[in-house]
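Work through the exercises below with the coordinates open. Try each task before reading its solution.

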Amino acid sequence: MHIQSLDLYQFRNFRQLQVILSDHVNAFTGANGCGKTNLLDAVHYLSMCKSYFNPADSQNISYGENSFIINGTFILNDEEERISCSVRLNQRKIFKRNKKDYDRLSDHIGIFPTVMIAPADHVLVEGGSEERRRLLDMVISQYDHNYLRAGINYNRTLAQRNALLKQFQQTGRKDKSLLQIWDEQLISSGKIIYESRAAFMTEYIPLFNYYYALISDSAEQVEMVYESQLETHDFEQLLDLAFEKDCASTYTSTGIHKDDLLFRISGHPVKRFGSQGQQKTFLIAVKLAQFEYIMKKNNVKPILLLDDIFDKLDDHRVARLLGLVSADKFGQILLTDTSADRVKEIFRKINTPVKIFEVDKIPESTAASTPEF
Amino acid sequence: MNQFARLPGIGRKTALRLVLFLLKEKDHDVERFSNAFTRMKSNIKYCKECLNISEEELCGICRDTRRDRSLLCVVPDLRDVMAIENTHQYRGMYHILGGVINPIEGTGPQDLNILPLVERIEKAEVREVIMALPGTVEGETTTFFLFRRLKEYNLNFTTIARGIGVGDELEFADEVTLGRSIMQRIPYESSLAR
Ligand SMILES: [Zn+2]
């Protein structure tokens, strides 16, 4: 699977732009602020129905305009597939596959998978546990729609349960049996989520270890651990034991919304004990393992989106990484860098052709006609 | 205009159109129109059995002696009664719950017509309670609440089937619905009976 052409209309800093892509390595180069990352994000939109960087659709519209359109032509199993995403202020986002509207965006996710590696991924190391759960959700929901549904149910039930706890506090009346009605639903969707996550991690961790060793040349010992209260305790019992505490705090203190992934290097947290290069290598291994996992599950090679990948990695690791992803196992690659010369040099060394787009030099059509979609 | 815009399904543009229309109408026409509203509100009663709106003590459905009193279908509101009646498939009775349990919106079991339901079950010949609530978290929770509440009575407690739409291709059904249809399959003979 690869993307053949990408058309943007009023998407972020691009009024109108078309790029024709190579089915192997593509590089968008130019100074910071020229919009090269926006091109990767546009492809992410067509894959995941949303921006990787900015969850508010309307904020991705060009300044002063009220809509954007992203069109992409993909090749999937030798067939041409036209995907279109259009966002208009205060209107429902419209997603089309071969001119046919999707009823549910979730039906699209996973058909044209992408894996993005970006400096923003650093929140996985630096940020709270919700960032790492989001990673789990993003990967698993690409192949498991039951998981997606269970997650929506779980969050809704959790919100209702917390609202009920707040009512208990306001009225001074605690009705445990009424709370248990909600627990029933929380437990059933919580168990589906826990089991999916645990099954995923069992297959995912060896892949992660493999890629870390490959990029780092086995320089250090790393470890990823899935941590969930449900692993060692019965969910029903946990909720029961936490009853008084939850009533006091008007918040559900136990469940899969407390799950986390522990990242360790030589037995210590990566956040405090890993160098910048090690942290970056860690995150790249996380993503490449994700790539391989999705490829196996969905039977299609995701498009690899590499944003600013050379930053903070030593030359040795950069060469290893690019040699790795340019090999047959991976498919199409879209990457960004500030220097076209550096990209040329790196790919010359590993003997791989690369199509370079100097984004700050692309002549931009200013015609204001609305493209067909 | 603001009064119109408060109505469900009426935006500010439509409200403005309605106001402009009424301003053009003759005075006595407008008066008739407003009288109809006032009469509707003061004449409307609720059926003392099923709590549907009714102009008399008992609604048409509850008065109908040919209907099966041993079947009781629990729905959130009267729109659901109309939807099920339009199928011409069901000949039992109804009970209007008045919503579903929803703490975020401040709706608890005490705000729903649950006590009247229990009273009906205690005094009448109900054999089966059919839960016809939405497939949302709130709907399912309300069904579970009633399942517990009605456990002590010797009842057949059922829920409407959720599955593949008639005429739908399996490959286009979402996985959750399809999965449920497989798990809750029915004997073929009973599907012939319909
Ligand atoms: Zn009635």
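The exercises cover the metal site, the two chains as wholes, and selected sheets and residues.

This is a predicted model, in which local features need pLDDT of at least 70, side-chain atom pairs count only at pLDDT 80 or more, and totals for chains, interfaces and linings use all residues. Residues are numbered from 1 along each chain as its sequence is written, chains are lettered from A and ligands numbered from 1 in the order in which they are written, and side-chain values use heavy atoms, leaving out hydrogens and water.

**Exercise 1. The zinc site**

Task: Identify the protein donors of the zinc ion, and assign the geometry of the site.

Solution:
- Step 1. Donors are N, O and S atoms within 2.8 Å of the metal (3.2 Å for Na, K and Ca); water is not among the atoms, so sites may look incomplete.
- Step 2. The SG atoms of Cys47(B), Cys50(B), Cys59(B) and Cys62(B) qualify, at 2.3 to 2.4 Å from the zinc ion.
- Step 3. Four donors count as tetrahedral if all angles lie between 85 and 135 degrees. The angles among the four donor atoms here are 104 to 115 degrees, and the site is tetrahedral.
- Step 4. Along the chain, the donors are spaced C-x2-C-x8-C-x2-C. Cys47(B) sits in the loop between strand S1 (45-46) and strand S2 (53-54) of chain B, and Cys62(B) in helix H4 (residues 60-63) of chain B, so the pair ties together parts 15 residues apart in sequence. Helices (H or I, at least four residues) and strands (E, at least two) are DSSP runs, numbered from the N terminus.
- Step 5. Check burial: buried means under 20% relative accessible area, exposed over 50%, partly exposed in between (1.4 Å probe, protein chains only). Cys47(B) has 0% relative accessibility and is buried. Cys62(B) has 5% and is buried.

**Exercise 2. Two chains, two globule tests**

Task: Set the radius of gyration of chain A and of chain B against the globule rule.

Solution:
- Step 1. The radius is taken over C-alpha atoms; the rule is 2.2 Å times the number of residues to the power 0.38.
- Step 2. For the 373 residues of chain A, a compact globule would have a radius near 21 Å; chain A has 23 Å, which agrees.
- Step 3. For 194 residues, a compact globule would have a radius near 16 Å, but chain B has 21 Å.
- Step 4. Add the spans along the principal axes. The C-alpha trace of chain A covers about 70 × 50 × 35 Å. That of chain B covers about 65 × 45 × 35 Å.
- Step 5. Add burial. In chain A, 54% of the 373 residues are buried. In chain B, 30% of the 194 residues are buried.
- Step 6. Add contacts (heavy atoms within 4.5 Å). Of the chain A contacts between residues at least 6 apart in sequence, 73% join residues at least 24 apart. In chain B, residues 24 or more positions apart account for 49% of the contacts with a separation of 6 or more.
- Step 7. Count elements. Chain A has 11 helices and 14 strands. Chain B has nine helices and six strands.

**Exercise 3. Sheets of chain A**

Task: Give the strand order of the five-stranded open sheet and of the three-stranded open sheet in chain A.

Solution:
- Step 1. Two strands pair if DSSP finds at least two bridges between them.
- Step 2. The five-stranded sheet runs S8-S12-S13-S3-S14 (chain A), with parallel pairing. Strand S8 (114-117) and strand S14 (354-358) of chain A are its edges, each pairing on one side only.
- Step 3. Within it, strand S12 (residues 303-306) and strand S13 (residues 333-337) of chain A share three bridges. Leu306(A) has Leu335(A) in S13(A) as its bridge partner.
- Step 4. The three-stranded sheet has the order S9-S10-S11 (chain A), with antiparallel pairing. Six bridges join S9(A) to strand S10 (residues 260-265) of chain A. Tyr226(A) has Leu261(A) in S10(A) as its bridge partner.

**Exercise 4. A buried glutamate**

Task: Where is Glu292(A) found, and is Glu292(A) buried or exposed?

Solution:
- Step 1. Glu292(A) is in helix H9 of chain A.
- Step 2. Its relative accessibility is 9%, so Glu292(A) counts as buried.
- Step 3. Not counting residues up to four places away in sequence, Glu292(A) touches Leu207(A), Tyr211(A) and Lys329(A).

Methods: Tetrahedral: all angles 85-135°; square planar, octahedral: opposite > 155°, others 65-115°.
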